[in-house]
Amino acid sequence: MSDHQIHRTRPVLHYAWIVAFVGGVAVFCGLGLGRFAFGMLLPAMSDSLGWSYAQAGMLGFINLLGYLTSVLIVPPFLARVGTRVAVTSGLLLMALSMFAMVLAQSLPMLSGLYFLTGIGSGAVVLPALSVMANWFAPSHRGLATGLVMAGPGFGIIFSGKAVPNLTPFQNILAWQMGWLIFGAMSVVVAALAFGFLRNHPGQMGHSPFGRSPLPGQPQSVAPEGAARRRLLLHMGIIYGLYGATYMLYVTFIVTSMRDSYGMTQAQAGGLWSWFGILSIPSGLLFGGLSDRIGRRAGMAIGFACLSVAFGCVGFTAWRPGLYVSVGLFGLAAWSIPVIISAAAGDYFGPVGTAKALAALMLTFSAGQAAGPALAGVMAEQSGDFSSSYRLATAAACAAVALVAVLRPPMAKGN
């Protein structure tokens, strides 16, 4: 047998893809179950506990405050313990808070526990995304981050199919059964994350996966001082607009399906599952696209799709418009987080990605917290969420303009 033939029999799977896959499973719990499943559970929780739109929006706001808190405290924790321990700890904290929600009945108690779920969610998502800059070269960074962000889509499908079929068990209500199941799944995934995640390729005897920049492609130099602050502010505003608009949509679209479009819980769950199915390739599609045409062009296309999705439910109550909205939102759902995360690696390099991404997530988290809270208040006054979706349309259009003037990474020698 020739040397060439021997070489071809060697395993071809780079460990970087295992890290990306396990990161996606972790984010399945961190976002898919810890946050997006809330939209499916919310109608039953509201009916059971007698909440208003504003109170429901406030619970979502509290969860996102927990996520914001996590963004502040996770970076130094991550630097000390590494990705594996950080992600595992976040999943276990989520599981404990979800188990405790089974016993909670009041809004203050549920708010406190869902705040802890938000902290755990941030402790999963930030390390899982930022570690891609260690394991992948820029040529494949967008695609790898897209693989990680496929996880929430599976969480949405699972919640859309499972939640409508939940039934009470003895003294446990159906929505409480949901949190119990989600907590148990988070424990299982925590064990998987601890077993397989690693912080650097060198720990497994690998180099980062991907190719060096082609001739003519810029190799970025991390900006410093005022230039770094301006760049972070610019990217942060873009990310904050995405956070506010997408979180508004995922929190209340199921409620809108029921209250404004006359759907049953099962019908809304089925449509929500279709959103999850369509969102699975979203990150891969836009991550791979941004690897080819650039981060700015990819983000602009993503925001354009989102603006149309919001407009379809903001400016009409036509049910086919709802289907178009869910379809477009699903296809572009993870476009911005994937490209922003890949861009953070491009602009700031593997060493600076985690800190830069943490700073960007501050505005992202602030937007996520503000969006549902503002939408809940607006719906309380108007009786539905159409005005909130119209505002989201305008915000997404503004984001396209901001993306257009975002400067590319600085090349060496500039």
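Here are figure legends for an overview and several close-ups of one predicted model.

The model is predicted, so local features need pLDDT of at least 70 and side-chain atom pairs count only at pLDDT 80 or more, while totals for chains, interfaces and linings use all residues. Residues are numbered from 1 along each chain as its sequence is written, and side-chain values use heavy atoms, with hydrogens and water left out.

**View 1. The whole chain, built from 14 helices and 0 strands.**
Read along the sequence, the pattern is α-α-α-α-α-α-α-α-α-α-α-α-α-α. Helices (H or I, at least four residues) and strands (E, at least two) are DSSP runs, numbered from the N terminus. The C-alpha trace spans about 65 × 45 × 45 Å along its principal axes. The radius of gyration is 21 Å, which agrees with the value near 22 Å for a compact globule of 414 residues; it is taken over C-alpha atoms, and the globule rule is 2.2 Å times the number of residues to the power 0.38. Of the 414 residues, 55% count as buried. Here buried means under 20% relative accessible area, exposed means over 50%, and partly exposed is in between (1.4 Å probe, protein chains only). Among contacts (heavy atoms within 4.5 Å) with a separation of 6 or more, 85% come from residues 24 or more positions apart. The accessible surface comes to about 16,600 Å², and 67% of that belongs to carbon and sulfur atoms. These areas come from the Shrake-Rupley method with a 1.4 Å probe; for residues, only the protein chains shown count as cover.

**View 2. A nonpolar patch shared by α3 and α8.**
L92, L96, F99, L180 and V187 make a nonpolar surface patch of about 390 Å². The elements giving two or more residues to the patch are α3 (53-101) and α8 (174-196), and α3 gives the most, with 3 residues. Why does F99 count as partly exposed? Its relative accessible area is 31%, and F99 lies in helix α3. To join a patch, a residue needs over 30% relative accessible area and no salt bridge; like charges are joined within 9 Å, and nonpolar side chains (Val, Leu, Ile, Met, Phe, Trp, Tyr) within 5 Å. As for the spacing of side chains along such a helix, an α-helix has 3.6 residues a turn, so residues three or four places apart point the same way.

**View 3. V81 of helix α3, shown with N199.**
V81 is partly exposed, with a relative accessible area of 31%. V81 and N199 are 118 residues apart along the chain, yet their C-alpha atoms are separated by 9.6 Å.

**View 4. T145 inside the mostly covered helix α6.**
Helix α6 covers residues 138-148, and 8 of its 11 residues are buried. The buried ones are S139, H140, R141, G142, A144, T145, G146 and V148. How buried is T145? Its relative accessible area is just 1%. The T145 side chain reaches the backbone oxygen of R141 at 2.7 Å. That is a polar contact, meaning a pair of N or O atoms within 3.5 Å; within protein, one must be able to donate a hydrogen and the other to accept it, and residues adjacent in sequence count only if both atoms are side-chain atoms. Setting aside neighbours within four places in sequence, T145 is in contact with L129, M132, V338 and S341.

**View 5. R258 and its two salt-bridge partners, D47 and D259.**
A salt bridge is a side-chain nitrogen of Lys or Arg within 4 Å of a carboxyl oxygen of Asp or Glu, and the count by this rule comes to 5. The closest N and O atoms of D47 and R258 are 3.1 Å apart. This pair links distant parts of the chain, with D47 in helix α2 (residues 15-49) and R258 in helix α9 (residues 225-259), 211 residues apart. R258 also forms a salt bridge with D259, again with closest N and O atoms 3.1 Å apart. D47 counts as exposed at 54% relative accessibility, R258 as partly exposed at 27%, and D259 as partly exposed at 38%.

**View 6. The R295 and D291 salt bridge.**
The closest N and O atoms of R295 and D291 are 2.8 Å apart. R295 counts as buried, at 10% relative accessibility, whereas D291 is partly exposed, at 22%. Through shared partners, salt bridges join R141, D291, R295 and D346 into one network.
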